[in-house]
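This report covers the sheet, the helix packing and the salt bridges of one protein model. Please keep the structure open while reading.

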Amino acid sequence: MTHHTQPTRILLVDDHRLFSNGLNSLLSAEADLDVVGQVFDGFEVVSAVHRLRPDVILLDINLPRQNGQELVPELLRTFPHVRIIMVTMYAESHLVDTFKQLGVHGYMLKNVDHRELLTGIRLVRAGGRYFDSSLAKPHETARHNDDAFIRKFQLTPRELEILQGVCTGLSSQQLAEQLNLSYLTVKSHRRNIHFKLGTTTTVDLIRFAQEHGLTA
């Protein structure tokens with residue numbers, strides 16, 4: 001008689017509902033995987049883990065109210081047996097390194113092939129670690145500037161992305177469309193950036209970024 005193991009319980013944490021729903025459909029088709037919930041807001045993650053007791057969390061970096069970088073230490077401390085895989089669009093090596101140091105068990109890009117995604121989930125569930133095969137090492141040196149800048153000025157990855165977009169001449173509306181955010185969210189990020197950097201105008205912002213080697 002074959003030994004029946006329980007399906008792996010998976011919690012999806014991503015504020016892009018379409019992506020989350022697509023992932024849910026894909027994973028639910030696998031007999032050994034069971035999606036126990038979907039969370040769209042960083043503040044709701046800890047209570048959802050308490051309630052749903054997942055084995056594996058697929059966690060995005062950018063989340064409303066509390067981001068992945070803030071959540072990982074709390075989750076690992078509160079739920080030491082839960083395995084965490086970051087699923088994100090950020091391929092920057094400094095971010096991968098940051099999350100490795102925080103102790104996540106995997107890091108995959110959102111454009112990962114679904115077979116590789118399944119392989120990664122199963123390997124992490126079995127006690128291993130899995131980092132997306134496409135996470136290349138080029139541009140390391142170009143990224144060190146960004147890394148130091150983020151640490152020094154306490155910018156989030158999203159704020160850095162918006163700052164770099166502003167420096168290439170994109171308007172808030174264009175950034176909203178490009179990043180799949182609302183116009184008001186982009187405006188809110190820009191206010192935060194100005195506050196953190198002590199700037200008031202777009203010209204100030206661009207000059208500041210150039211002085212700190214953040215623009216090409």
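The sections below describe a predicted model, beginning with its sheet.

## Sheet

Six strands form an open sheet, and their pairing is parallel. Read across the sheet, the order is β2-β1-β3-β4-β5-β6. The edge positions are held by β2 (33–39) and β6 (130–131). Each of these two has a single partner strand, so one side of each is left without a neighbour in the sheet.

β2 pairs with strand β1 (residues 8–13) in the parallel sense, over six bridges. Within this pairing, L11 has G37 of β2 as its bridge partner. Helix α1 (residues 17–28) packs on the sheet and touches β1, β2, β3 (56–59) and β4 (83–88). The direction of α1 makes about 165 degrees with that of β2.

## Helices α1 and α5

Besides packing on the sheet, α1 packs with helix α5 (residues 114–125). The angle is about 70 degrees and the axes are 11 Å apart. Angles of 65 to 115 degrees count as roughly perpendicular, which means that α1 is roughly perpendicular to α5.

From α1, the contact is made by L23, L26 and L27. From α5, H114, L117, L118 and I121 take part. By class, the contact of α1 with α5 has six nonpolar residues, one polar residue and no charged residues.

## Helices α3 and α4

Helix α3 (residues 68–78) and helix α4 (residues 93–102) have axes that come within 10 Å and cross at roughly 20 degrees. Because angles under 35 degrees count as roughly parallel, α3 is described as roughly parallel to α4. The crossing in which α3 passes α4 is right-handed.

On the α3 side, G68, Q69, V72, P73 and L76 meet residues of α4. Their counterparts in α4 are L95, T98, F99 and L102. The contact of α3 with α4 divides into six nonpolar, three polar and no charged residues.

## Helices α9 and α10

Helix α9 (residues 183–197) packs with helix α10 (residues 202–211) at an angle of about 60 degrees, and their axes are 11 Å apart. The two helices are therefore oblique to each other. Their crossing is left-handed.

α9 contributes R190, I193, H194 and L197 to the meeting with α10. T202, L205 and F208 are the residues of α10 that they meet. The classes in the contact of α9 with α10 are four nonpolar, two polar and one charged.

## Salt bridges

How many salt bridges does the structure hold? The number is ten. One salt bridge joins the side chains of D41 and R65, at 3.0 Å from N to O.

Which parts of the chain does the pair D41 and R65 tie together? D41 lies in the loop between β2 and α2 (45–52), while R65 lies in the loop between β3 and α3. The pair therefore ties together parts that are 24 residues apart in sequence.

Key. Residues numbered from 1 in each chain as written. Predicted model: local features only at pLDDT ≥ 70, side-chain atom pairs only at ≥ 80, totals over all residues. Heavy atoms only, no water. Axes fitted to C-alpha atoms, helices over the stretch in contact; angles between N-to-C directions. Helix = DSSP H or I, 4+ residues; strand = E, 2+ residues; numbered from the N terminus. Parallel < 35°, antiparallel > 145°, perpendicular 65-115°, else oblique. Left-handed = near helix turned anticlockwise from the far one by under 90°. Contact = heavy atoms within 4.5 Å. Nonpolar A, V, L, I, M, F, W, Y, C, P; charged D, E, K, R; others polar. Pairing = 2+ DSSP bridges. Salt bridge = Lys/Arg side-chain N within 4 Å of Asp/Glu carboxyl O.
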